[in-house]
Amino acid sequence: VRPKRDNKYQKLDIEYGGLDVYANLISADESGGDVDDALGGLTSFRAMAVRRSATERLNAAEETISKSHDTIESTNESIGE
C-alpha cells in the first residue's frame with residue numbers, strides 16, 4: 001500500500017541495494033546453515049536503510065519549511081509596503 005498525500009500516491013522508499021542481504025539469508029536458510037549472521041546483516045541493512053530514508057524525508061521537510069519562511073517574509077514585506 002502506497003502512502004497518499006493530497007489524494008496523490010507518494011513515491012515508495014525502495015532499497016534495491018540490499019537484495020544481496022536477503023539472498024544471503026535465503027541461501028543460509030535453504031542450505032540448513034546458521035542464519036544468525038545473515039539475520040544480523042539484514043538487521044544492519046534495514047537500520048541503515050531506515051536511517052537514510054528518514055534523513056531524506058527530514059531534508060525535504062526542512063527545504064519545504066525554508067521555502068515557506070521565505071514566502072511568509074516576502075508576503076509580510078509586500079503587506080508592509
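Leu12, Ile14, Tyr16 and Leu19 together make a nonpolar patch of about 420 Å² on the surface of this structure, which is a predicted model. One member of that patch, isoleucine 14, is found in the loop between strand E2 (8-9) and helix H1 (19-30). Its relative accessible area is 47%, so isoleucine 14 is partly exposed; a residue needs over 30% relative accessible area to be taken into a patch.

The loop between E2 and H1 is also the place of glutamine 10, a residue that counts as partly exposed because its relative accessibility is 22%. Between the C-alpha atoms of glutamine 10 and glycine 80 there is a separation of 38 Å, the two residues being 70 residues apart along the chain.

Helix H1 contains alanine 23, and at 37% relative accessibility alanine 23 counts as partly exposed. From the C-alpha of alanine 23 to that of alanine 38 the distance in space is 9.1 Å, with their positions 15 residues apart in sequence.

Several of the remaining features belong to helix H2, which spans residues 36-80. Phenylalanine 45 lies in this helix and counts as buried, because its relative accessibility is 9% and the limit for a buried residue is under 20%. Leaving aside residues up to four places away in sequence, phenylalanine 45 touches Glu15, Gly17, Gly18, Val21 and Tyr22. Along the chain, phenylalanine 45 and serine 66 are 21 residues apart, and their C-alpha atoms are separated by 31 Å.

The count of salt bridges comes to 1, and it joins the side chains of glutamate 63 and lysine 67, with an N to O distance of 3.2 Å. Both residues lie in helix H2 at a spacing of 4 residues, about one turn of the helix. Glutamate 63 counts as partly exposed because its relative accessibility is 46%, whereas lysine 67, with a relative accessible area of 52%, is exposed; the boundary that separates these two classes is 50%.

A patch of negative charge is also found on the surface, where Asp70, Glu73, Glu77 and Glu81 gather. Aspartate 70 has its place in helix H2, and with a relative accessible area of 48% aspartate 70 is partly exposed.

The C-alpha separations given above are collected in the table.

| Residue pair | Separation along the chain | C-alpha to C-alpha distance |
|---|---|---|
| Alanine 23 and alanine 38 | 15 residues | 9.1 Å |
| Phenylalanine 45 and serine 66 | 21 residues | 31 Å |
| Glutamine 10 and glycine 80 | 70 residues | 38 Å |

Conventions:
Residues numbered from 1 in each chain as written. Predicted model: local features only at pLDDT ≥ 70, side-chain atom pairs only at ≥ 80, totals over all residues. Heavy atoms only, no water. Patch = residues over 30% accessible without salt bridge, like charges linked within 9 Å, V, L, I, M, F, W, Y side chains within 5 Å. Areas by Shrake-Rupley, 256 points an atom, 1.4 Å probe, with all protein chains shown as cover. Salt bridge = Lys/Arg side-chain N within 4 Å of Asp/Glu carboxyl O. Lys, Arg positive; Asp, Glu negative; His and termini not counted. Charge placed at Lys NZ, Arg CZ, Asp CG, Glu CD. Helix = DSSP H or I, 4+ residues; strand = E, 2+ residues; numbered from the N terminus. Buried < 20%, exposed > 50% of the residue type's maximum accessible area, 1.4 Å probe, protein only. Contact = heavy atoms within 4.5 Å.
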